[in-house]
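Open the model in your viewer and keep the selection panel handy. We will go from one stop to the next, and at each one I will say what to select and what is there.

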Amino acid sequence: QVQLVESGGGLVQAGGSLRLSCAASTRVPMGWFRQAPGKEREFVARITWSGVTTASTSYADAVKGRFTISGDNAKNTMYLEMSSLKPEDTAVYYCAARNSIYAVRYDYWGQGTQVTVSS
């Protein structure tokens, strides 16, 4: 069982920045998702380690160029740097993990952290 603990959400004005963190109990491929009120949960970004310091990343089009996903492989920790935030980025952000880099489904989820962007 993988445990994920998120932190870093909050209230920010449009155009501002926030940094989310997610600590995993073990080394697993991780990603970020978000769910806005009345909407389905959607993919935000993911990071996949191919070595100790080498990783590939991917982003949803809605956040590309504004959000940056990174991680500390040695600490099993992932980050999401969010800049140029927009009101439509308001959502509960979830850290999620897969069992392996070959798995498609995310089986483990954090408790979620609220991000609110005011206009």
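## A tour in six stops

**Stop 1: the loop after S8.** Keep in mind that this is a predicted model. Start by selecting Ser84, which sits in the loop between S8 and strand S9 (91–97). Check its backbone torsions: phi is positive, at about 50°, although Ser84 is not a glycine. Most residues other than glycine have a negative phi, which is a good reason to pause here. With a relative accessible area of 41%, Ser84 is partly exposed.

**Stop 2: a second positive phi.** Now select Asn76, in the loop between strand S7 (67–72) and strand S8 (77–82). Here phi is near 55°, again a positive value in a residue other than glycine. Is Asn76 buried or exposed? Its relative accessibility is 18%, and the cut-off for buried is under 20%, so Asn76 counts as buried. Keep Asn76 selected, since it is also part of the next stop.

**Stop 3: the cavity.** How many cavities of 30 Å³ or more does a search of the whole structure find? The search finds one. About 50 Å³ of space lies in the largest cavity. To see its lining, add Thr26, Arg27, Val28, Met30, Trp49, Asp72, Asn73 and Thr77 to Asn76. Colour these residues by type and you should get three nonpolar, four polar and two charged. Two of the lining residues belong to elements you have already met: Asp72 falls within S7 (67–72), and Thr77 falls within S8 (77–82).

**Stop 4: the open sheet.** Switch to a cartoon view and pick out S1, S3, S8 and S7. In that order they form an open sheet of four strands, with antiparallel pairing. Strand S1 (4–7) and S7 are at the edges, each with a single partner strand, so one side of each has no neighbour in the sheet. From one strand to the next, the twist averages 15°. Strands of a sheet pair through backbone hydrogen bonds, so turn those on if your viewer can draw them. Then zoom in on the pair formed by S8 and strand S3 (residues 18–24): these run antiparallel and are joined by six bridges. For a landmark, select Arg19, whose bridge partner in S8 is Glu81.

**Stop 5: strand S9 and its partners.** Next, select S9 and show the accessible surface. Six of its seven residues are buried, so S9 is largely enclosed by the rest of the structure. Which strands pair with S9? Here are three to select in turn:

- Strand S4 (residues 30–35) is antiparallel to S9, with six bridges joining the two. Look for Arg34 opposite Tyr93.
- Strand S11 (residues 113–118) also runs antiparallel to S9, and three bridges join them. Tyr93 serves as the landmark again, with Thr113 as its bridge partner in S11.
- Strand S10 (residues 108–109) pairs with S9 in the antiparallel sense over two bridges. Here Ala97 stands opposite Tyr108.

Tyr93 is worth a label, with Arg34 opposite it in S4 and Thr113 as its bridge partner in S11.

**Stop 6: salt bridges.** To finish, show the charged side chains. The whole structure holds six salt bridges, and we will visit some of them.

Begin with Arg34, which you met in the pairing with S9. Its side chain forms a salt bridge with Glu42, and the closest N and O atoms are 2.6 Å apart. What is the relative accessibility of Arg34? At 6%, Arg34 counts as buried, whereas Glu42, at 36%, counts as partly exposed.

Move on to Asp61 and Lys64, whose side chains meet at 3.1 Å, N to O. Asp61 counts as exposed, at 67% relative accessibility, while Lys64 counts as partly exposed, at 49%.

Then select Arg105 and Asp107, where the N to O distance of the salt bridge is 2.5 Å. Arg105 is exposed, with a relative accessible area of 59%, and Asp107 is partly exposed, at 29%. For the last selection, go back to Arg34 and Glu42 and add Arg66 and Asp89: salt bridges that share partners join these four residues into one network.

Definitions and conventions: Residues are numbered from 1 along each chain as its sequence is written. This is a predicted model: local features need pLDDT of at least 70, side-chain atom pairs count only at pLDDT 80 or more; totals for chains, interfaces and linings use all residues. Side-chain values use heavy atoms; hydrogens and water are left out. Buried means under 20% relative accessible area, exposed over 50%, partly exposed in between (1.4 Å probe, protein chains only). On a 1 Å grid over the protein atoms alone, a cavity is a set of points where a 1.4 Å probe fits but cannot get out, and a pocket is an open set with protein on both sides within 12 Å along at least five of seven lines; lining residues have an atom within 4 Å of a point. Grid points are joined across faces, edges and corners, and a volume is the space filled by probe spheres set on the points. Ala, Val, Leu, Ile, Met, Phe, Trp, Tyr, Cys and Pro count as nonpolar, Asp, Glu, Lys and Arg as charged, and the others, Gly among them, as polar. Two strands pair if DSSP finds at least two bridges between them. Axes are lines fitted to C-alpha atoms, for helices over the stretch in contact, and angles run from 0 to 180 degrees between N-to-C directions.
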